[in-house]
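Hi everyone, thanks for coming. I'll walk you through one structure today, chain by chain, and then look at how the chains touch. Have it open in front of you if you can.

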Amino acid sequence: MRLFDTELKNLRDGIMAMAGIAEEMIELTIQALAERSSAKADRVNELDRQMDEWELKLDQLCVDLLALHSPAATDLRLIASSLKIIPEVERIGDHCCNIARRASFVHPPILSEGSLERLGQETRGMVRRAVDAFVGHDAALARAVIKNDDTVDDLYAQIYRELLRIMLADPLCIERASHLILVIKNWERIADQATNIAEEVLYILEGRSAKHPYLRGNAVE
Amino acid sequence: MAAALPFRPRRLSRLTNRIMHLALWGLALIFVLVLALFIGSILKQGWSVLNFGFLSRMPETLDAGGGIKPEIFNSLYLVALSLAIALPIGLGAGIYMAEYAGQGRALRFLRLCIETLAATPSIVLALFGMIVFVQMMGWSFSIRSGAVTLALLNIPVITRVTEMSLMAVPRELKEASYGLGATKLQTILKVALPHAATGILTGLVLTAGRAFGESAILVFTAGTNTSQTFPDFRLTVPGETLSVHLWYVTSDGTLPDAREIAAGTAAVMIVVLLALNLSVRVLDRFIRRKTR
Amino acid sequence: MLSPQTPETKPVKLSVRNMDFRYGEKKVLDGLSLDIHAERVTAIIGPSGCGKSTFLKCFNRIHEISAPVKVSGDMMIDGVDIYRGGIDEVDLRRRVGMVFQKPNPFPKSIYENVAFGPRLFGVKDKATLDGIVEDALRKSALWDEVKDRLKESATGMSGGQQQRLCIARALAVNPEVLLMDEPCSALDPIATAKIEELIVELKENLTIVIVTHNMQQAARVSDYTAFFWLGKLIEMDLTERIFTTPRERMTEDYLTGRFG
């Protein structure tokens, strides 16, 4: 294999590794919320450090590939998109840290049974599918992720309304509720990141941007 | 690593090199020595004769003390005339072969003709000249018979030189010319010929040298007599040249100073030929500098 | 450079329809159809031996100098058939100029090189010739470098200068189209950059078709890029599109270096 192909493989593998860390962080975060475990929250922070190291390394790799190999066509789109995917994954990690940090503050639970867990799992699913679409060159899967963002948005809105009701009904819950608002906001942001990643995957595979469909030709449809 | 490569010991290679170097030097030296010997012996023989009077007197038929004035004129005149005939024909043929003929049978046939003519011994050409021009056409021994037959000697060489010089013109130059919208003729005149000029000119001068030294042809066509008027530009009079004179006085043997005259004539010829060869070199350098 | 957003406004200058080209029995170009727009730079890329130079040389019929050729199909300039439309090939070559791979200035002075073309067409007046020579040398960004040594021999110039001289020489006859056959392949990067800059300036008034084996050069200077392979046109599109999202697999493989 040529040096360039080896480096491209390293790039893909690196992104996959980063995504793997992200998924592990999401899993731990879900558990930390459920179990109120500060040990797991600490682990999330450790993983975030690894994530940051990956970001620096892969950013540099992308720039080197552009400088040294003058990539064209698919290779070019891969590298250009990687430069956008990498920070998205890194931010997923940051949001996980934000959520995990509040694990101890949301107990005893006030929300209806399972709704918070559902939000976490939906989000985790989206991230996993976005990464699978990247790894498997799966445009259909990427489109599915983009559509799924609506589901998560609805779930977020639903929980938000519930929290407002709870706060109005019982002022003693306000502290826990306000933490929970921030928690669900972060989940929603992670889902947005997964969507962005899926959009970049579509660009790599098809060569047209999938963003802002209201502006012109819709790559999603 | 495998067994050491079987290199020859360096000292042996260097020695061989040195020996070859010396040998080649030696050969060159021999060449120079032979030349010196040859010129020396001629000069020694003809020394007594070589003075300005020799060059400005008419030749004697029976007595000693003859000169070679008319012969010098005839030699130069014949070379000039034969070149004047041969040049347009040779140049034209060369241009045709290099630029216009295809690669097919026409070209091969032409080449065969030219090579045959070039390979013909000059004595055979001489006989041809005598039969056709001197006898059949009734021109008798004359300058014009000599000039035309001599031209036959020159044409193949000039053709070949022209053809080769033109073929040596880089294809890119001609392409550039065509690319600008030149016709074939314009390209030949403005690009190919100027580039080939050095080669053609050099070939011309060398041809002149050869024609100058030619004897057999002129014996049978221009004769061994010469006009008594000087200078005589008429084409119908016989014209003995320097080379023919040399042969004649030696083979006839009746002149008392035959040997000296022959040697003196040879010396004059050598001087002229040397001058010609030097001028080729100067010409070459001049043209090269102009197109740098 | 043209982008996919702005529509093409320039007319078609050269057009090719179903063109085949044969050397003897061998078919070198097969079924080519494409349009070259006026005042744009069109680059032709492809692996060695794919017929790019051969194709280029069909536009000014310069093949015919060495051997008779067989061209079938249509090849047109401004709608007139180049081969069968009664065009005089000498006049065609004035309208369609050519710059070759290796700079090939005549072994004459700089002035004589540029004046060669106009002289062919009968321009004799010294003042006119002086004007044409200066204009052509200015257009090829050489004037300032050589204005004081116009009488010097062209062969004393550097490779890059010689190539610009060849461009000036071609421009001196006021062509409409300039064909460039790998013009920079014998030059160093700085000389190459100067000529690429020149190409972008020249296209204001000239249709340029450039054959290059350097993909990045095609990407840098051209508006349209055509990819040839084994005598066939595989894909042709706006340069920007070809280099980011080529449609054909073969184009993609060639651009990413995964050929063969």
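So, what radius of gyration does chain A have, and how does that fit with a compact globule of 221 residues? Before I answer, keep in mind that this is a predicted model. The rule for a compact globule with 221 residues gives a radius of gyration near 17 Å, and chain A comes out at 19 Å, which agrees. Along its principal axes, the C-alpha trace of chain A spans about 65 × 40 × 20 Å.

What is chain A built from? It has six helices and zero strands, so to speak of its pattern along the sequence is just to say α-α-α-α-α-α. Of its 221 residues, 39% are buried. Now take the contacts in chain A between residues at least 6 apart in sequence: 78% of those join residues at least 24 apart.

Let's zoom in on helix 6 of chain A, residues 174–206. Here's a little check you can do yourself. Helix 6 of chain A has 33 residues, and at 1.5 Å a residue it should span 48 Å; the C-alpha atoms at its ends are 48 Å apart, which agrees. Just after helix 6 of chain A comes A:Gly207, with a positive phi of about 85°.

Okay, over to chain C, and its strands. Chain C has an open sheet of four strands in the order 2-1-4-5, with antiparallel pairing. Which strands stand at the edges? Those are strand 2 (26–37) and strand 5 (80–81) of chain C; each has a single partner strand, so one side of each is left without a neighbour in the sheet. Strand 2 of chain C pairs with strand 1 of chain C, residues 12–23, over eight bridges in the antiparallel sense. If you want a spot to click on, C:Met19 stands opposite C:Leu32 in strand 2.

Next, strand 8 of chain C, residues 207–211. Is it mostly covered or mostly open? Mostly covered: five of its five residues are buried. As a reminder, in a regular strand the side chains alternate between the two faces of the sheet. In strand 8 of chain C, one side has C:Thr207, C:Val209 and C:Val211, the other has C:Ile208 and C:Ile210, and all of these are buried.

Who pairs with strand 8 of chain C? Strand 3 of chain C, residues 41–45, runs parallel to strand 8 and is joined to it by four bridges; there, C:Thr42 has C:Val209 as its bridge partner. Strand 7 of chain C, residues 177–181, also pairs with strand 8 in the parallel sense, over five bridges, and C:Val177 stands opposite C:Thr207. Add helix 7 of chain C, residues 189–202, and you get a right-handed β-α-β unit made of strand 7, helix 7 and strand 8.

Last topic: the contacts between chains. There are two pairs of chains in contact, and chains B and C share the most contacts. That contact takes 15 residues from chain B and 22 residues from chain C. On the chain B side, helix 7 (171–179) and helix 8 (184–213) are the elements that give two or more residues, and helix 7 of chain B gives the most, with six. By class, the chain B side has six nonpolar, six polar and three charged residues.

And chain A? Eight of its residues are in contact with nine residues of chain C: three nonpolar, three polar and two charged on the chain A side. Between chain A and chain B there's no contact, and their closest C-alpha atoms lie 29 Å apart.

Key: Residues numbered from 1 in each chain as written. Chains lettered and ligands numbered in written order. Predicted model: local features only at pLDDT ≥ 70, side-chain atom pairs only at ≥ 80, totals over all residues. Expected span 1.5 Å × (residues − 1). Contact = placed C-beta atoms within 7 Å. Nonpolar A, V, L, I, M, F, W, Y, C, P; charged D, E, K, R; others polar. Pairing = 2+ DSSP bridges. Buried ≥ 20, exposed ≤ 12 C-beta atoms within 10 Å, placed from the backbone. Right-handed = clockwise from strand over helix to strand, strands pointing away. Rg over C-alpha atoms; globule rule 2.2 N^0.38 Å.
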